[in-house]
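Hi,

Here is the structure I said I would pass on. Have a look at it first, and then read my notes below.

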Amino acid sequence: MDLKDDAVKGIVPWDGTLSSFDFSLSAHTFSDKWKRFNPSFPAWQWITCPKQHHLVASHKVEGYLSLENMCHIKSSQEQESDRSLTWKEESNISQREEPFDKATLVCPEHEVNHYDFHIVYSASYRVPVLYFRSYRSDGQLLPFNEIEKDLPGHSAKLRSESKWTFITHEEHPYLNRPWYKLHPCGTSDWMKLLFHSDSSLNKNGFVIEQYLISWFSVIGQVVGLKIPLEMLDTVVSNDS
């Protein structure tokens with residue numbers, strides 16, 4: 001075997017995963033663009049956490065993205081397949097500009113379901129994971145059969161047909177309390193296919209920066225949170 005064969009053999013294709021450091025870089029890109037192109041929603045906040053292990057590299061960054069106190073507001077005019085989670089500001093909803101969805105109705109306070117979403121890095125799968133929980137205005141946590149009533153109409157179909165969208169109830173890795181999460185198995189496989197199939201995305205160094213935007217454009221649909229088209233457009237325009 002000559003040197004050329006050794007060089008080819010040494011090339012390892014990207015496997016669709018991220019390091020924890022790359023996750024933090026991609027998370028900040030995601031939150032910055034969300035704030036810029038989705039002003040109707042609150043911003044995703046980066047929550048820095050103490051390192052859970054003492055024997056770690058000095059450059060390792062631990063933390064997660066947080067989007068909290070979202071409220072489900074369902075319009076009587078909307079179709080089941082178009083249900084979404086819509087932001088409602090509790091203190092002065094009557095004084096603010098009308099919500100971004102003009103068909104949205106404000107439910108009485110006792111009917112509002114609140115949602116918290118966290119994007120957390122999985123060290124085991126080396127991919128981001130979406131955690132979420134829901135509770136009523138009095139703080140009572142909702143069981144999953146109640147949450148399912150708020151999820152988009154197409155969510156059940158997605159979860160039944162795709163191995164990477166099933167929901168489990170597990171302990172939050174930083175908060176040590178049970179949260180629901182979209183299981184990350186298969187995430188690296190379809191992320192690898194996504195970037196390799198789109199030549200506009202498959203650029204050296206570009207994958208890491210735009211990873212979470214592309215990932216959430218798929219995952220967010222399961223819980224009714226959509227990426228603004230402008231965010232996806234910049235994935236291509238910034239590179240061209």
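What follows is a quick run through what I found, starting with how far to trust it.

Keep in mind that this is a predicted model. The average pLDDT for the protein is 76, and 64% of the residues score at least 70. Two stretches deserve caution. Residues 54-58 have a pLDDT below 50, and beyond near neighbours in sequence that stretch has 3 contacts in the model. Residues 76-81 also stay under 50; for these the model has 9 contacts beyond four places in sequence. Where pLDDT is low, the predicted coordinates should not be read in detail.

Now for the strands. S3 covers residues 113-122 and pairs with S4 in the antiparallel sense, over 10 bridges. Together S3 and S4 make a hairpin, with 4 residues between them. If you look at the turn, you will find arginine 126 there with a positive phi of about 60°. Serine 122 has valine 127, in S4, as its bridge partner.

S4 itself runs over residues 127-136 and is mostly covered, with 8 of its 10 residues buried. S4 also pairs with S6 (residues 178-182), again in the antiparallel sense, this time over 2 bridges. To find that pairing on screen, start from tyrosine 131: its bridge partner in S6 is lysine 181.

The other part I spent time on is helix H2, residues 20-37, which holds both phenylalanine 30 and tryptophan 34. These two sit 4 residues apart, about one turn of the helix, and both are buried. Their rings form a tilted aromatic pair, 5.9 Å centre to centre with 35° between the planes. The pair belongs to a wider aromatic cluster made up of Phe30, Trp34, Phe41, Trp44, Trp215 and Phe216. In total the model has 16 aromatic pairs.

One more residue in H2 to look at is lysine 33. Is lysine 33 buried or exposed? It counts as buried, because its relative accessible area is 10% and the cut-off for buried is under 20%. The C-alpha atom of lysine 33 is separated by 8.7 Å from that of isoleucine 213, although the two residues are 180 apart along the chain.

That's everything from me for now. Shout if anything is unclear.

Cheers

Technical notes. Residues are numbered from 1 along each chain as its sequence is written. This is a predicted model: local features need pLDDT of at least 70, side-chain atom pairs count only at pLDDT 80 or more; totals for chains, interfaces and linings use all residues. Side-chain values use heavy atoms; hydrogens and water are left out. Buried means under 20% relative accessible area, exposed over 50%, partly exposed in between (1.4 Å probe, protein chains only). Two strands pair if DSSP finds at least two bridges between them. pLDDT is the predictor's confidence in each residue, from 0 to 100. Contact means heavy atoms within 4.5 Å. Rings of Phe, Tyr and Trp (its six-membered ring) pair if their centres lie within 6.5 Å; planes under 30 degrees apart count as stacked, over 60 as edge-to-face and the rest as tilted.
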